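Visitor: I should like to learn how to read this model. Might we begin with one residue in a loop and proceed from there?

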Amino acid sequence: MLQRRSGVLSVCLLVLASLSCWQCNGSDAGSFNAPTGPVESQESHEPRLPLVYVDTALSAPTGRALSVPAGGDVQAALNAAQPGDEIVLAAGAVFTGPFTLPNKRGAGWITVRTDAPERLPQPGTRVHPAEAAAMPKLEASSGSVLVAARGAHHYRFIGIEIRPRNGVFLYNLVRLGYDETSADQLPHHLIFDRCYLHGDPQKGARRGIAMNSMETAVIDSHLSDFKEAGADSQAIAGWNGAGPFKIANNYLEGAGENVLFGGSDSSIKSLVPADIEIRGNHFSKPLSWKIDDPSYAGTPWTVKNLFELKNARRVVVAGNLFERNWVHAQNGFAILLTVRNQDGGSPWSVVEDVTFMNNVVRHTASAVNILGYDNNYPSRQTRRIVMKNNLFDDVGGVQWGGGGRLFQLLDGAADVVIDHNTAFHTGHIIMAEGRPNTGFIFQNNIAPHNEYGIFGADMGSGNPALERYFPGAAVRKNVIIGGNAAQYPPDNFFPASPGEMGFVGCAGGVYCLPPASPYQHAGTDGKDPGADVSAISAVMTSVLP
C-alpha cells in the first residue's frame, strides 16, 4: 500500500487552455429560448462543451437609485424599480421578508446592493463572512427569504447577506423557480455577486439557492451552514431549470450534496439542466459535522457527498478544490455522476458531456462514482465523461472510512476517458460491476495498485476485469505503482514502490519527476504521466484564501 506523502503530489504535464465564453442575450421575460428536449446524437466521443456561458460582467445602472434606509420597505422598492434602476440598502440593516422579485418588462438590470461597496472586495475576489458588517441583511422566519416570480429576470444582488431569522430552519433561502411547466415561465438573468448566504448555525437550512431558472450565476460568494438531519441539504441545487448556469469562485458548504443537479423529477417535460460552468470553487464540509472528530458539535447532520449530477448535460467542472467527505449517510464518494430518474417521472434523465479537469479532490473516503443507468427507474445512458489532469490525494484510510476507491463504474457507462491524473488512495484504482462500459480509455495516469488495482466483480484484477467490464478499452502509458505487469495490458509501467518514481520537490512544495526519470515524456502525447504540476498549484493558490 502506498503511503501518503505531505503536500500536494503531482507530476508535470500539459497546461490546459481556458475555455472562451460568450454571452447569451435576452430581452423581455420569456425571450430566452432554452433547449429542453433530447439533443441530437453525435459521432465524436469527446464531451460537448457548454453551448452558452453566463456573462457576469457588471452592467452600469442607467436609471434611478432607490435608497432604502434601516427600517425601510425593500418590497416596495422592488415593486417600484424599473430596468436600469438600482436599489441601495443600508449596510448592516436587517430587512425582514419574505421578498418577491417581480417580473418586469424590459431587459435592463435591476441591481440590489449595499450602500458600502467600498467595504467589499473587488469584483473577482471571493467575499468572506468577516465582511458581513458591510452587508444589508435580508431574512425571514418562514417561507423563503427571496422568491422569483414566474418569468422574473435581470436582477443582480451585490454584497447582500441572506439568512433565516435567528433560531429558524428554512427549506430554501432563495427560490428561483419551482413548479413551472414550460421553459418560457422560468425566471432568468439572475446573479448573486459577493453575497453571503447561510443557514442558522444551530438549526441549519435545507438549501441556499434552489436554482430552477435560466441564465443564472453565483460568483465570488460564501454559502455555508446548509445542513439537515434526516434529509439531504445543499448550498445550491437545481432540478427544474434549463440553464445556462455559472458557479464560480465561491465557498460552498452543504451536508448532503454541496452542489446537486437533478434529484427530483422535472415538471417541464424532457428538461435536462444544461450548459453548466463550475469553476474555481472551494467545496468543503466542516469537521464539526463529523461524529467521531474531536471538534464534533453534537448534531448528526446527514452527510453524503461533495458534488453530484443526477440529470445534467454539457458541464465543465474545472479548477475546483473538493475536500472533506466521509462515510455517513452514503458510502463516502466525493464526486457522483450517477444518473437518476428520481421519482420515476423523468425517463429522459441523463448525465452526459461532462468535462472534469484541473481539480483537486482530497480528504475523502472514495473519489469518483459513475453510474451508467438508473437501477430504479428508466433513464438514458451516462456517456461522454472526461476526467483529466486532476489530483486525488488522501483518498480512503481510517479518518474518512470507506474503501478508498479511486474510480467506480457501475452498469454500462459509455465513452469515459480517464487521462493524466495523479492519485494517492488506499483501495481499488477502478471497481466495476454490472453491464460493460464501452469506449473506455485509461491512459497517462499515476496511481498505486494497492491490493486489487483494476478490479471487476467476480472477475478479479487486471486483464479478466478489463475484458469483462471494459471490452475494447485502451489502457496504456499508466504508471501503476506496485502492480504486476503480467496482469495488465502491455505499454504500461509498474515501478515497485513510490521511491522508484524519483519524485523531487518543485516550486510550492509540489512534487514532480526529475529529468533523469524513466517516465519523463512517457505519455501517449509525449508529456509526463500524471497531472500537471503548474495547473494543480494554480488551483490551490487561487481557490484557497
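Guide: Let us begin with N240, which is found in the loop between strand 16 (234-238) and strand 17 (245-248). Strands are DSSP runs of E of at least two residues, numbered from the N terminus. Please note that this is a predicted model, in which local features need pLDDT of at least 70, side-chain atom pairs count only at pLDDT 80 or more, and totals for chains, interfaces and linings use all residues. Residues are numbered from 1 along each chain as its sequence is written, and side-chain values use heavy atoms, with hydrogens and water left out.

Visitor: Is N240 buried or exposed?

Guide: Buried means under 20% relative accessible area, exposed over 50%, and partly exposed in between, with a 1.4 Å probe and protein chains only. N240 counts as buried because its relative accessibility is 0%.

Visitor: Which polar contact joins the side chains of N240 and another residue?

Guide: A polar contact is a pair of N or O atoms within 3.5 Å; within protein, one must be able to donate a hydrogen and the other to accept it, and residues adjacent in sequence count only if both atoms are side-chain atoms. The side chains of N240 and S266 are joined by such a contact at 2.6 Å. In addition, a polar atom of the N240 side chain lies 3.2 Å from the backbone oxygen of E180.

Visitor: How many salt bridges are there?

Guide: A salt bridge is a side-chain nitrogen of Lys or Arg within 4 Å of a carboxyl oxygen of Asp or Glu. By this rule the count is 25. In one of them, D353 meets R48 at 3.0 Å, N to O. This pair links distant parts of the chain, 305 residues apart: D353 is in strand 26 (residues 351-357), and R48 is in the segment before strand 1 (65-68). Both D353 and R48 are buried.

Visitor: With which residue does R313 form a salt bridge?

Guide: The partner of R313 is E352, with the closest N and O atoms 2.7 Å apart. R313 is in strand 23 (residues 312-318) and E352 in strand 26, 39 residues apart. R313 counts as buried because its relative accessibility is 3%, and E352 likewise counts as buried, at 0%.

Visitor: Which residues are linked in a network of salt bridges?

Guide: The network links R48, R313, E352, D353, R383 and R384.

Conventions. Helix = DSSP H or I, 4+ residues; strand = E, 2+ residues; numbered from the N terminus.
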